[in-house]
Amino acid sequence: MPRRKDPVADLKAHRQRVADMATKENELMDEASRALGREMIAAGLDDWSAKDRLMGLKRLAEEGPAGPPKGSAKAQSNGAAGAGSEAPPA
């Protein structure tokens, strides 16, 4: 005869899986943060002020890895005089 499902046990098991996944997510976030931090340091962003670094990262997130579209006003203004968020001279 087939065993009956126990909804209480199923709920407990589900909650445990959710808790395990949350723990795994936190571990992955920590690992990703360390990896991104190493990349930022390797790129020289540790020399930038916190404000300039945040502004630069936000701009990069908005524009994407290819940068602003060619011919756009943003592309032309970014190529002109520095907007104050460039790395200090070495």
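Student: How much area does the chain expose, and what share of it do carbon and sulfur atoms supply?

Tutor: Accessible area is computed by the Shrake-Rupley method with a 1.4 Å probe, and for residues only the protein chains shown count as cover. Here the chain exposes about 7,900 Å², with carbon and sulfur atoms supplying 60% of it. Keep in mind that this is a predicted model, where local features need pLDDT of at least 70, side-chain atom pairs count only at pLDDT 80 or more, and totals for chains, interfaces and linings use all residues. Residues are numbered from 1 along each chain as its sequence is written, and side-chain values use heavy atoms, with hydrogens and water left out.

Student: Which helix has the highest mean pLDDT, and which the lowest?

Tutor: pLDDT is the predictor's confidence in each residue, from 0 to 100. Among the elements of the chain, α1 (residues 7-42) comes out highest with a mean of 97, and α3 (residues 73-79) lowest with 59. Over residues 80-85 the pLDDT is below 50, and this stretch has four contacts beyond near neighbours in sequence; a contact means heavy atoms within 4.5 Å. Where pLDDT is low, the predicted coordinates should not be read in detail.

Student: What pattern does the chain follow along the sequence?

Tutor: Helices (H or I, at least four residues) and strands (E, at least two) are DSSP runs, numbered from the N terminus. Here the pattern is α-α-α, with three helices and zero strands.

Student: How far apart are the end C-alpha atoms of α1?

Tutor: The expected span of a helix is 1.5 Å times one less than its number of residues. For the 36 residues of α1 that gives 52 Å, and the end C-alpha atoms are 52 Å apart, which agrees. After α1 comes G44, with a positive phi near 90°.

Student: Which residues of α2 are buried?

Tutor: Buried means under 20% relative accessible area, exposed over 50%, and partly exposed in between (1.4 Å probe, protein chains only). In α2 the buried ones are D52, G56 and E63. Seen down the axis of α2, they fall within an arc of 35°, so they line one face of the helix; the arc is that of the directions from the helix axis to the C-beta atoms. On the other side of α2, A50, K51, K58, A61 and E62 are exposed.

Student: Where does D46 lie, and what does D46 touch?

Tutor: D46 sits in the loop between α1 and α2. Leaving aside residues up to four places away in sequence, D46 touches M40, I41 and R53. At 44% relative accessibility, D46 counts as partly exposed.
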